[in-house]
Amino acid sequence: MYDVIVIGAGPAGITAAIYCARARLKTLVLSKNIGGQAALSSDVENYTGYQFVTGAELAQKFHSHLDEFPQVEHHEAPEEAEKLKKTRKGFILETDADRYEARAVIICSGANPRPLGVAGEKKLRNKGVSYCATCDAPLFKGKDVAVIGGGNSAMDAVMRLLKYAGKVFVLNVNPELKGDELLKEKILAEPRVQVVPNARTVAILGKKSVEAITYSQKGGPERKLPVQGVFVEIGWTPATEFADVEKNKWNEIKVNLACETSAEGVFAAGDCTDVPEKQIIVAAGMGAVAALSAIKYLSRK
Amino acid sequence: MPKIIVYSTPTCPYCHMVKDYLKKFNFAFEDVDVSVDEARAQEMIDKSGQMGVPVLDIDGKIIVGFNRAEIDKTLGIKK
């Protein structure tokens, strides 16, 4: 029986685990990866104390900080939460690997990339269709690619791709790019980038790998763009299915200012919650709040 | 010992994780950075039909992504 299980090892989960460890709670951290979405960001320039750090470096720093506390049990191999159940004494968490018991649970499970839901996307996944420009950009050296999306993640993917790809098309469903103004200026000034506004992606075409993408502008005729890669950056869906707590219409877990959920003894932090801003620094801060609330809850029990 | 090749990029967190995982169980592997070696990148794409990292080649068996269940089965890793 653990005092606390922390689900997820992104900025929220690792911060929560550090606070729990310092409170000498018997803590287990389960995660699909280290760093969560933060690890996939190419350049992070708004985390206080770091003028510039890559997402991967920041994730590494988080990881080594967690490793300072050998008493925290952390399973390095990816493990996915499947069902969280309430028991008389606390909770049982079933994962794809095992089952665990704890007196309290902190959910920091983050979010997964949202698929486009167009024809050809599933078939060509990892065959030119990617949800991680940070991971896969180097495989598209000299190739023409399309980025679907128009927010910060899409612009981040464009910057990453410009280091390797030929032409980068940006298919944006909105009339203008939205997000960090500095990033936007950089992208609009880049001759190898072509932004297609008001573009709805219709299908991804290709036999063995991506050969083209079709789109339509404002309900106009379908147009075809020959590209060898498609990077989908249209947002995220929270990874919260395993937990039976109150959520909003986007399946984000509802939390109050103390990061308490609708279930007593279950706390949540970061991008899996209904916090309006999904930022690394916000997630980390919430991780601390959730842990402190869990610590208080356990001392009351 | 099985012959293991890990095709990876330095910026891919799952690549680091899969390599750490193999090290933890003392499996030696060849680490191919496909972001600098275009010929080997093509070799990975030909073998796997995949343009995503990581890709593992374990004695000719291709595993895409950090698929722990498949890796455990192939290498006989038991919990």
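User: In this predicted model, how far apart do the centres of the positive and negative side chains of chain A lie?

Analyst: The model is a predicted one, and chain A carries 39 positive side chains together with 36 negative side chains. When the centre of each of these two sets is taken, the distance from one centre to the other comes to 3 Å.

User: How many helices and strands does chain A have, and why can chain A be called as compact as a globular protein of its length?

Analyst: Chain A has 6 helices and 19 strands. The globule rule gives 19 Å for 301 residues, and the radius of gyration of chain A is close to that value, so the chain is as compact as a globular protein of that length. The C-alpha atoms fill a box of roughly 65 × 40 × 30 Å along the principal axes. The radius of gyration itself is 21 Å.

User: What percentage of the residues in chain A are buried?

Analyst: A residue counts as buried when its relative accessible area is under 20%. Among the 301 residues of chain A, the share that meets this condition is 54%.

User: Among contacts in chain A between residues at least 6 apart in sequence, what percentage join residues at least 24 apart?

Analyst: The contacts considered here are those in chain A between residues that stand at least 6 apart in sequence. Of these contacts, the part that joins residues at least 24 apart is 59%.

User: Which cysteines of chain A form a disulfide, and which cysteines form one in chain B?

Analyst: A search of the whole structure finds 2 disulfides over all chains, where a pair of cysteine sulfur atoms has to lie within 2.5 Å to count. In chain A the two sulfur atoms are 2.3 Å apart, and in chain B they are 2.5 Å apart. The pair in chain A is Cys132(A) and Cys135(A), and the pair in chain B is Cys12(B) and Cys15(B).

User: What is the handedness of the disulfide of Cys132(A) and Cys135(A), and what is that of Cys12(B) and Cys15(B)?

Analyst: Both Cys132(A) and Cys135(A) are buried, and the torsion about their S-S bond is about 70 degrees, so this disulfide is right-handed. Cys12(B) is buried at a relative accessible area of 0%, and Cys15(B) likewise counts as buried at 0%. For Cys12(B) and Cys15(B) the torsion is about 90 degrees, so their disulfide is also right-handed.

User: Why is there no bond between Cys108(A) and the closest cysteine sulfur, and which residue holds that sulfur?

Analyst: Cys108(A) is buried at 7% relative accessibility, and Cys272(A) is buried at 0%. The sulfur of Cys108(A) is 6.2 Å from the closest cysteine sulfur, which is too far for a bond. That closest sulfur belongs to Cys272(A).

User: Is Lys218(A), which has a positive phi, buried or exposed?

Analyst: Lys218(A) is not a glycine, yet its phi is near 50 degrees. Its place is the loop between strand S15 (212-217) and strand S16 (222-226) of chain A. The relative accessible area of Lys218(A) is 71%, and because a value over 50% is needed, this residue is exposed.

User: Where is Asn26(B) found in chain B?

Analyst: Asn26(B) has a positive phi of about 60 degrees although it is not a glycine, and it is exposed, with a relative accessible area of 63%. Asn26(B) is found in the loop between helix H1 (13-24) and strand S2 (30-33).

User: Which peptide bond, leading to Pro54(B), is cis?

Analyst: Pro54(B) sits in the loop between helix H2 (38-48) and strand S3 (55-58) of chain B. The bond leading to this proline has omega near 0 degrees, and it is the one from Val53(B) to Pro54(B).

Methods
Residues numbered from 1 in each chain as written. Chains lettered and ligands numbered in written order. Predicted model: local features only at pLDDT ≥ 70, side-chain atom pairs only at ≥ 80, totals over all residues. Heavy atoms only, no water. Helix = DSSP H or I, 4+ residues; strand = E, 2+ residues; numbered from the N terminus. Rg over C-alpha atoms; globule rule 2.2 N^0.38 Å. Buried < 20%, exposed > 50% of the residue type's maximum accessible area, 1.4 Å probe, protein only. Contact = heavy atoms within 4.5 Å. Lys, Arg positive; Asp, Glu negative; His and termini not counted. Charge placed at Lys NZ, Arg CZ, Asp CG, Glu CD.
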